[in-house]
Amino acid sequence: MALTPRLELRQGQALVMTPQLQQAIKLLQLSNIELAEYVEQELERNPLLEATTAEPEIAERTADQRAEEGEFEPAPVADAGLTLSEDGPLPSREGDLDTDYDNIYADESRSDAANDAAAEAPGPTGSDWQNLKPGSGAGGGDGEFSLEATLAHEATLAEHLTVQLNMALKDERQRLIGVNLIDLVNEAGYITADLDEVAGRLGAAPEEIERVLGVLQTFDPSGICARNLKECLAIQLRDRDRLDPAMQVFLDHLELFARRDFDLLMKLCGADREDIASMIEDIRGCNPKPGLAFGGEPTVPVIPDVFVRARPDGGWSVELNSETLPRVLVNQQYYSEVSRLSGDPKAKAYLSECLNNANWLVKSLDQRARTILKVASEIVRQQDAFLVHGIQHLRPLNLKTVADAISMHESTVSRVTSNKYIATPRGIFEMKYFFTSAIASSEGGEAHSAEAVRHRIKELIDAELPDAVLSDDNIVDILKRSGIDIARRTVAKYREALNIPSSVQRRRDKKAYA
C-alpha cells in the first residue's frame with residue numbers, strides 16, 4: 001500500500017477544560033474557609049470586584065412548588081414538608097466567554113484543579129528566644145513593654161522551657177546545649193533524636209549532653225524532655241515520690257500492663273493485686289504527652305454551610321448559612337469611566353478581561369450556592385427518618401441516587417458534599433456522613449445502613465455483662481435475628497474501626513476491673 005499525503009475532514013466532540021470551567025469546578029469543592037480565602041485573593045487581583053456586606057435576597061419556595069416546576073422528582077419517602085431557600089439571581093453582565101455557563105455543572109469530567117495551600121510562617125525557635133533581651137519588649141521596636149502583645153500571645157512549649165533554662169543554667173556552654181535540646185522537643189514533649197549525634201554536632205561530650213538533659217527533665221511540666229514513655233512516666237512518678245523499686249519493675253514491663261496480664265506483673269513486682277491496682281491508679285494519673293498543654297494549634301470550630309430546622313407542621317426548613325457566602329459585586333461604573341478615559345488598547349483589553357472574570361466569578365458563586373442547597377435538600381428528603389428517629393433509621397444512600405433525583409452528575413454531587421457541613425437538630429454532620437453503603441436484610445426487606453449497623457454493634461458491646469462478653473459470632477447471631485444479614489469478618493472490621501478490642505481482651509479487662 002503506497003503512502004501518499006492527502007487531506008481529510010473529520011467531525012468530533014471533545015470536552016475542553018477552559019480556565020472558567022476549571023474555576024467553577026474548583027469553587028464547587030472548596031470549603032467555606034477556603035472559598036473566603038479564594039475570593040479575598042480575587043478581590044486583590046481584580047480591580048472591578050468589590051466586597052459588600054449587604055444581605056442577599058432569599059426567595060422561598062416549597063418543595064411541592066419545586067416539584068411542580070419539574071426541578072426534582074419527589075423521593076419515595078414520607079413527605080418531609082421542606083421549605084427551600086435559594087439566593088435570588090445576582091445582576092451580571094454577559095461577557096464574551098469561551099464556554100456556555102449552563103454546561104459547567106453537568107460536566108462529567110473528574111478533573112479537579114489543585115488547591116494552593118498557603119504555608120504559615122514558622123514561629124520563633126529556642127535560639128530566637130535565647131537572644132531576646134528583657135528590655136527589648138515583646139511586640140515593639142522602641143524598647144517599651146507591650147502589654148497587648150503578651151495578652152494576645154499564648155506561650156509555646158519552647159518559650160516556656162527557654163524561660164526556665166535561662167534561670168536554671170548560668171554557664172553559656174550548657175545554656176547553648178539546652179537551647180539545642182529544646183529545639184529537638186516535639187509537640188508531645190519528647191526528645192526522639194540521638195544524643196550521640198547531638199554531641200557530635202555541638203562538639204560536646206555525651207556525658208555533658210546527658211547532664212543538661214537531666215536539668216531539662218526537672219522543668220515544668222513534669223515528664224518533659226523524656227526520650228520514651230517509660231522515662232516520661234518515671235519522671236512524673238519520681239516528682240510524686242512514687243517511684244519505688246516495685247514501680248520501676250512495673251514500668252520495665254509496661255507491655256504486660258497493655259495486655260492486662262496482671263498475674264505475671266504481680267509475680268515480677270512481688271506485689272499483691274491491691275498493690276498492682278494502686279500502681280495502675282498512679283500511672284493513670286500521669287500525663288503521657290505533657291507537651292500538648294502548650295502552644296497547640298487553636299481549635300477551629302466547624303461552621304455549617306446549611307441549616308436544617310424543624311417546622312411547626314412537622315416538616316424541615318433547609319436554608320444556606322448566609323454568613324459563609326462571600327458577597328461580591330462588579331463595579332460597572334468604574335469600568336465605564338476607566339474605559340471612556342483610557343485610549344490604550346492594552347488597557348481596554350485588560351479591563352475587558354477583568355470584567356469577564358468578575359462576572360464569571362459572581363455567577364459561579366451564585367450557582368455554587370444553588371447547587372449546595374439543591375443537594376442538601378435532597379439529602380434531607382432522603383434521610384428524613386434519621387432526623388426524626390435517630391441513627392438507627394439512617395438509610396443507605398449513594399451519590400447516584402442523589403444525582404439522579406436532582407438531575408446532576410455524580411461527580412458534581414461528590415464535589416458539593418466535599419468539605420461541606422450541615423447543621424441538624426441532631427448535631428453538625430459532614431454531608432458525606434449521610435452516604436453509607438447498604439447491608440442486605442436477612443428477611444428480604446429494606447437494606448440497612450452500614451453506619452446504623454456500626455452503631456448497633458457498639459450498643460451491644462456497651463451493654464454486655466462481665467460474665468457474658470459477646471464474641472463476633474454472637475454479635476452476628478443477634479444481628480441476624482434483628483433482620484441484618486452480615487458476615488463475621490464484617491463485624492470484626494466494624495469493631496476494629498470503632499477501636500473496640502476483641503472479646504478476649506474485653507473479658508480480661510472486665511475481670512481486672514470487676
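This tour moves through a predicted model, from a strand hairpin to the nonpolar cores and then to one helix.

Begin by selecting β4 (306-310) and β5 (316-320), which run antiparallel and are joined by five bridges. The two strands form a hairpin with five residues between them, and in the turn you will find glycine 314, whose phi is positive at about 95 degrees. Across the pair, valine 308 stands opposite valine 318 in β5, and β5 itself is mostly covered, since four of its five residues are buried.

Next, keep both strands displayed and add α16 (345-382), α17 (384-389), α18 (399-405) and α19 (410-417); together with β4 and β5, these are the elements that give two or more residues to the largest nonpolar core. That core has 30 residues, with Val306 and Ile422 having the most contacts inside it, while α16 gives the most to it, namely seven residues.

Now centre the view on isoleucine 422, which, leaving aside residues up to four places away in sequence, touches Pro304, Val306 and Val308, as well as Ala376, Val380, Gly427, Ile428, Phe429, Met431 and Phe434. For a second, separate core, of 22 residues, select Leu157, Ile209, Leu213 and Phe219, which are among its members.

Finally, select helix α21 (residues 472-481), where Asp472, Ile475, Val476, Ile478 and Leu479 are the buried residues. If you look down the axis of α21, these buried residues fall within an arc of 165 degrees, so they line one face of the helix. Showing α20 (450-462) and α22 (488-497) as well reveals what the buried residues of α21 pack against. After α21 comes glycine 483, with a positive phi near 95 degrees.

Conventions: Residues are numbered from 1 along each chain as its sequence is written. This is a predicted model: local features need pLDDT of at least 70, side-chain atom pairs count only at pLDDT 80 or more; totals for chains, interfaces and linings use all residues. Side-chain values use heavy atoms; hydrogens and water are left out. Buried means under 20% relative accessible area, exposed over 50%, partly exposed in between (1.4 Å probe, protein chains only). The arc is that of the directions from the helix axis to the C-beta atoms. Contact means heavy atoms within 4.5 Å. A nonpolar core is a set of buried Ala, Val, Leu, Ile, Met, Phe, Trp, Tyr and Cys residues joined through side-chain atoms within 4.5 Å. Two strands pair if DSSP finds at least two bridges between them.
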